[in-house]
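The following questions and answers concern the strands of one protein model. Please study the sequence and the structure before reading on.

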Amino acid sequence: MLKRWGILIIAPFLLSSCGLFNKDGIYNITFDSSVPDEQKELLTQDLEVIESLNFSGVSSDDLDKIDLPELSSNSLGNFLKERIRYIVGESYDADTKRTIVSSSYNYNPSVFASFSSPFDRIVTVMTNTGSSVYLAGKKSNVLYSLDVADENILINTTRVGIIKIGEGLFSSTKLKSSSSSSLARRLLRLSTLFHEARHSDGNGSNAGFPHTKCTYGDFAGYYACESNTNGPYNLEAMLLRHFYRACSNCNETELSAIQLAASDAASRLVYGAVKRNSQPEFVR
Ligand SMILES: [Zn+2]
């Protein structure tokens, strides 16, 4: 019995020394060295905010958009944990980090980005790099791997969960007047994280919950619209409406920024949008 305990206690140390347990963040999210320390700290604290969230007035329609049985800090934390495993910095270049596991194909993943702010110019906020590389590989029958956070990750599912910080995540033009550590800006960044998390889902022709091209408005011509009622934008819009209520002690400017972000996200839904199966797909 004693020996068995000994093995159980020693094993984690052995694993941690070879990096398997070297998960440094909340929800086991690992930050790549390309993420600047200041951003890593802000994002870590953003994630901690989830634990303090309380939800009320959650409708079955809300739950339908995120495919969860309930909306709570616990269910949302697990939602992210299953879909975001690594966060890489703006300087992370998937092209130089990828290895062809079989065959060869050149591509430039760009579909899975959240675009922000029609107020000045359009910038990328975050990108689900793992999901886009998976889909690029799928399209050309090539299996890739990516170097991230000192690991080599086989890109065999939309759930690989490598999320890249974009130019707009910390330089929010929506809420310049508030500090980047304000609750309002944290909630706005969290809504983006949940948006990107949804790009880790889906299967078949809807693998990665791809955006559709907008045909009118500020984003006309961009893949920044939504044809799924349970897709990234609509899920983001739903969460932002709850985050609005959770933004305690937020000032009028902050509250209207959240409200604006919620209506912007909701406005991306195209006519005839339907709910789709969110189960992720894998190859072995
Ligand atoms: Zn997106």
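Q: Are the residues of strand 8 on its two faces buried or exposed?
A: The model is a predicted one. In a regular strand, side chains alternate between the two faces of the sheet. In strand 8 (residues 162-165), Ile 162 and Lys 164 lie on one side, while Ile 163 and Ile 165 lie on the other. Both faces are covered, and these four residues are all buried.

Q: Which residue of strand 8 is the bridge partner of Val 88?
A: Strand 2 (residues 86-88) and strand 8 run parallel and are joined by three bridges. Within this pairing, the partner of Val 88 is Lys 164.

Q: Which residue in strand 8 stands opposite Met 126?
A: Strand 8 also pairs with strand 5 (residues 123-128), here in the antiparallel sense, over three bridges. Opposite Met 126 stands Ile 165.

Q: Which strands are the edge strands of the open sheet with the order 3-6-7?
A: This sheet consists of three strands with antiparallel pairing. An edge strand here pairs on one side only. That description applies to strand 3 (98-102) and strand 7 (151-155).

Q: By how many degrees are neighbouring strands of this sheet turned against each other on average?
A: The sheet in question has the strand order 3-6-7. With direction ignored, the average turn between its neighbouring strands is 30 degrees.

Q: Which residue in strand 7 does Leu 146 stand opposite?
A: Strand 6 (residues 143-148) pairs with strand 7 over five bridges, in the antiparallel sense. Across from Leu 146, in strand 7, stands Ile 153.

Note on methods. Residues numbered from 1 in each chain as written. Predicted model: local features only at pLDDT ≥ 70, side-chain atom pairs only at ≥ 80, totals over all residues. Pairing = 2+ DSSP bridges. Axes fitted to C-alpha atoms, helices over the stretch in contact; angles between N-to-C directions. Buried ≥ 20, exposed ≤ 12 C-beta atoms within 10 Å, placed from the backbone.
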